[in-house]
Amino acid sequence: MSTAKSRLRTALTILIAATGAGAVLFSLLRLRQDAAPDGLFPVLTLALCAAGLGTQVRIKIPRLDAYVTLSDALVFLALFRFGGEAAVLVAAATVLCDRLHFTRNLPSLLSSAASAATSTFLASLAVRVAFGGAVELQGPPALLVGALVVVTLAQSAARSLVFTVCEGGAGDGEGLLPAWGRNLFWTSSAYFAAVAASTFLARLAGLVGFYPTLGSTAVIAVAHIGTGLRASRRRGGRAKKTAARGESDVKESKAASDAAAQENEGLFRSAFDHAAIGMALVSAKGQWLQVNRSLCEILGYNEAELLTTTFQKLTHPDDLGTALANIKQLIKGKLPVYQMEKRYLHRQGHAVWVLWSVSPVRERGSRALHLIFQIQDITDRKRAEERLLHDAFHDALTGLPNRSLFVDHLKLAMARMQRNASQMFAVIFLDLDRFKIINDSLGHLIGDQLLVGIARRLEACLRPGDTVARVGGDEFTILLEDIHDASEAVMVAERLQQELSVPFHLGGREVFTTASIGIAPGTVEYTQPEDVLRDADTAMYRAKSAGKARHEVFDKEMHTVAMNLLQMETDLRGAIDRQEFFIQYQPIVALDDFTLRGFEALVRWQHPTRGLISPMDFIPVAEETGQIVMIGQWALTEACRQMSRWQRRFPSDPPLFISVNLSSRQFTQPDLTAQVRRILAETRLDPRCLKLEITESVVMESIDSATMLLRHLRELGVQLAIDDFGTGYSSLSYLHRFPIDTLKVDRSFVMRMVDNNENIEIVRTILMLAQNLGMDVVAEGVETKDQLALLRKLGCENGQGYYFSRPVSVGGAEKIIAETNAAPAATANGNVKPMRPTLVA
Ligand code: C2E
Ligand code: CA
Ligand code: CA
């Protein structure tokens with residue numbers, strides 16, 4: 001509301017209050033002085049009747065939102081019968097009584113009464129001017145009708161003027177004159193009815209007298225009120241006050257409610273404009289009709305721009321269908337309110353996530369159906385949710401999908417193939433070959449960069465529909481979809497390997513890497529994604545053990561092998577406690593005179609159901625799982641104890657030695673030296689009679705730490721042998737650095753020696769090397785007389801093999817010792833009986 005208008009309003013209100021007060025005073029005085037024909041008493045009775053009963057009796061005028069009340073009729077009766085002063089007093093009294101129903105606020109009561117007094121006073125003035133005194137009710141009908149019209153218009157004009165100016169009867173932005181005109185229309189229709197009724201009452205009073213007329217009116221009023229009360233009680237007593245409301249009231253109550261509505265509307269408008277969330281009134285067709293500031297901020301448009309467009313144009317196309325469908329339901333009345341999270345399009349083109357509530361409203365005047373939108377910006381929350389969701393399914397380092405997401409995609413691919421077997425897929429499992437070495441030597445930063453670089457190259461190799469995921473430290477999986485057969489996956493694997501063979505430039509240096517790849521072609525038999533991954537992993541493992549930097553396609557046989565391994569792993573647990581291991585001993589013989597020098601201890605596993613299992617089969621599994629540490633300790637203890645016992649039972653000079661194998665995992669135990677020392681002490685074996693065999697490759701894996709360890713073992717007094725010599729990465733240049741006593745020439749050279757000159761040369765070289773380094777030599781796998789002859793000719797000192805004896809039990813070994821080692825008397829003679837070659841025909 002403008003300030004000028006509000007100032008005018010305040011001034012008029014004060015003026016009207018003053019005029020009202022003056023009118024009441026003036027009327028009271030005039031009435032007393034004139035002492036109306038019947039004295040003051042009838043006027044008082046009329047006032048009481050109007051105030052007490054009149055306000056309770058009201059009749060709605062059809063089609064108009066207005067009421068005729070009995071009190072209005074009685075005010076006009078006072079005017080006709082006792083003059084303007086009486087009418088002013090009756091009007092003031094009735095309004096006062098009526099307002100008492102709604103408020104106990106004295107200023108408000110007095111101001112209502114004053115405004116009623118003012119309007120009645122103005123009307124009576126008009127009547128006085130028009131008729132020069134009282135209205136003549138007995139005159140000719142035309143004159144009477146004219147008089148009635150004047151009275152009605154005068155009272156309506158005055159009342160509606162007061163209402164329009166002082167009681168909020170004008171809308172916001174509406175001019176006072178048009179508002180007055182509008183209010184005049186409905187007040188005059190109400191007043192005309194009241195004037196007509198009062199004319200009837202005045203005539204009746206002229207005929208039957210004033211008091212009988214008033215009495216019968218009161219009786220009718222009481223009866224009417226009684227019926228109204230009963231009806232309202234029947235309606236559950238709802239809105240009792242409203243039902244019983246009366247008199248001055250056509251306008252008063254309408255004025256009050258309109259004022260309240262006005263005030264509410266003002267409040268609503270302000271709340272709407274300043275609401276923290278976006279709000280809008282939208283037509284059923286989607287046109288923005290009213291928008292608030294927050295909404296403009298959310299969407300990036302100003303008000304004028306929004307009002308020329310529709311909500312459909314600003315809704316994200318993906319959300320439009322759902323939104324429109326639900327608006328339809330709202331309009332049909334099938335939904336009271338609808339809420340959804342949807343996207344709007346910001347003026348700058350990006351999507352804005354909002355929580356959108358929409359409810360239908362009917363406009364008061366036109367009854368047209370509109371929609372109220374409440375729009376709350378939830379973009380930040382949505383972003384956080386999306387981030388969380390992304391993080392839950394992606395690897396933080398490379399940004400690739402993680403195992404969970406990969407498994408999800410795999411599940412879908414499997415389901416597609418179940419429905420249509422020609423929609424084949426394959427899973428590639430890729431494991432870097434030397435990642436640990438790169439990570440340990442170049443640092444984690446370079447390691448991380450390498451992984452990211454690999455991720456990018458893998459992505460670049462694939463088609464858009466394929467999924468590449470990082471599922472472990474240096475393990476990646478790839479899902480190929482819509483392929484025709486496994487050969488396509490093999491081609492992809494080859495491409496990947498080729499791509500990875502190009503060196504990476506990281507931290508100013510070239511880094512080379514290779515990968516071992518396993519491929520599991522999809523089949524309809526697969527039901528679990530984990531099974532496909534497991535098979536791809538198995539094939540990768542096979543590629544790795546077949547020499548790395550290669551790929552293998554999974555087949556059923558691999559699965560059997562893998563299953564057996566798994567079973568073996570389980571069975572190995574507790575095998576020591578169940579005493580399923582035992583040791584066989586294979587003699588090591590001096591080739592010049594066939595004297596027995598010692599035995600190699602070879603572990604055996606007597607499986608409860610599968611029978612005897614070769615160490616070639618179970619030792620790699622035990623290595624993998626770490627179970628080898630326990631098994632190795634057991635074997636070492638057992639072998640040392642046995643040799644210690646034999647030395648006591650069959651003393652010889654030099655004493656027999658026992659050779660025990662150490663696997664790679666055993667060799668890298670930090671407390672190996674302490675263990676060996678303890679076992680020697682426990683079994684009371686002379687350290688010089690224990691020979692530990694370590695393969696060449698184990699020593700070469702980490703030359704520095706191996707040298708240290710070998711030295712420590714040497715300090716204990718034990719002997720050291722290099723097993724399978726000639727098969728590993730021969731770094732002959734390092735050999736002299738190791739404190740080694742014996743080289744064991746690998747069986748493969750001995751085997752092929754007879755028909756291959758080259759192999760003879762290798763053996764000769766090894767023998768010469770050993771001689772130069774002050775080591776002795778044992779030829780492994782001597783099976784034939786020819787091999788023996790050749791080895792003797794080359795000057796090889798010791799041999800071991802089936803030609804002499806297979807590995808035998810404790811009993812078998814004792815028999816050999818007893819046979820080769822003469823009785824104590826013979827030993828005393830120095831007669832050492834040579835060992836009889838067991839396989840000599
Ligand atoms: P190795 O140390 O090279 O053991 C020699 C293997 O050659 C033994 O096989 C033995 O039976 C076999 N052999 C001996 N003479 C001949 C021959 O004339 N012809 C042929 N064809 N073979 C011959 P075995 O007992 O099956 O042991 C296999 C491997 O298992 C051993 O190879 C060794 O590396 C490992 N191993 C055995 N016992 C133990 C143990 O207690 N601890 C550890 N860590 N490894 C062991
Ligand atoms: Ca060995
Ligand atoms: Ca060997």
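This is a short chat about reading surface patches and a metal site in a predicted model.

Reader: Let's start with charge. Which residues gather in a patch of positive charge on the surface?

Author: For a patch like this, you look for like charges that are joined within 9 Å. Here, Arg 641, Arg 645, Arg 648 and Arg 684 come together as a positively charged surface patch. Take Arg 641, which sits in helix 23, residues 628-649.

Reader: Is Arg 641 buried, partly exposed or exposed?

Author: Partly exposed, because its relative accessibility is 32% and that class lies between 20% and 50%.

Reader: Okay, now the nonpolar side. Which residues make the nonpolar surface patch?

Author: Same habit, but now you follow nonpolar side chains. Val 145, Val 149, Leu 153 and Phe 192 form a patch of about 340 Å². Helix 6, residues 141-166, gives the most to this patch, with three residues. Val 149 has its place in helix 6, and with a relative accessible area of 33% Val 149 counts as partly exposed.

Reader: And the metal? What coordinates the calcium ion (ligand 3)?

Author: With a metal, you list the donor atoms around the ion. For the calcium ion (ligand 3), those are OD of Asp 723, OD of Asp 724 and OE of Glu 780, with Glu 780 (OE) listed twice, at 1.9 to 2.7 Å. Along the sequence, the donor residues follow the spacing D-D-x55-E.

Reader: Which residue bridges the calcium ion (ligand 3) and the calcium ion (ligand 2)?

Author: Asp 723 does, and the two ions lie 3.9 Å apart. Asp 723 is buried, at 7% relative accessible area, whereas Asp 724 is partly exposed, at 25%.

Terms used
Residues are numbered from 1 along each chain as its sequence is written. Chains are lettered from A and ligands numbered from 1 in the order in which they are written. This is a predicted model: local features need pLDDT of at least 70, side-chain atom pairs count only at pLDDT 80 or more; totals for chains, interfaces and linings use all residues. Side-chain values use heavy atoms; hydrogens and water are left out. Patches are made of residues with over 30% relative accessible area and no salt bridge: like charges are joined within 9 Å, nonpolar side chains (Val, Leu, Ile, Met, Phe, Trp, Tyr) within 5 Å. Accessible areas come from the Shrake-Rupley method with a 1.4 Å probe; for residues, only the protein chains shown count as cover. A salt bridge is a side-chain nitrogen of Lys or Arg within 4 Å of a carboxyl oxygen of Asp or Glu. Lys and Arg count as positive and Asp and Glu as negative; His and the chain ends are not counted. The place of a charge is taken as NZ of Lys, CZ of Arg, CG of Asp or CD of Glu. Helices (H or I, at least four residues) and strands (E, at least two) are DSSP runs, numbered from the N terminus. Buried means under 20% relative accessible area, exposed over 50%, partly exposed in between (1.4 Å probe, protein chains only). Donors are N, O and S atoms within 2.8 Å of the metal (3.2 Å for Na, K and Ca); water is not among the atoms, so sites may look incomplete.
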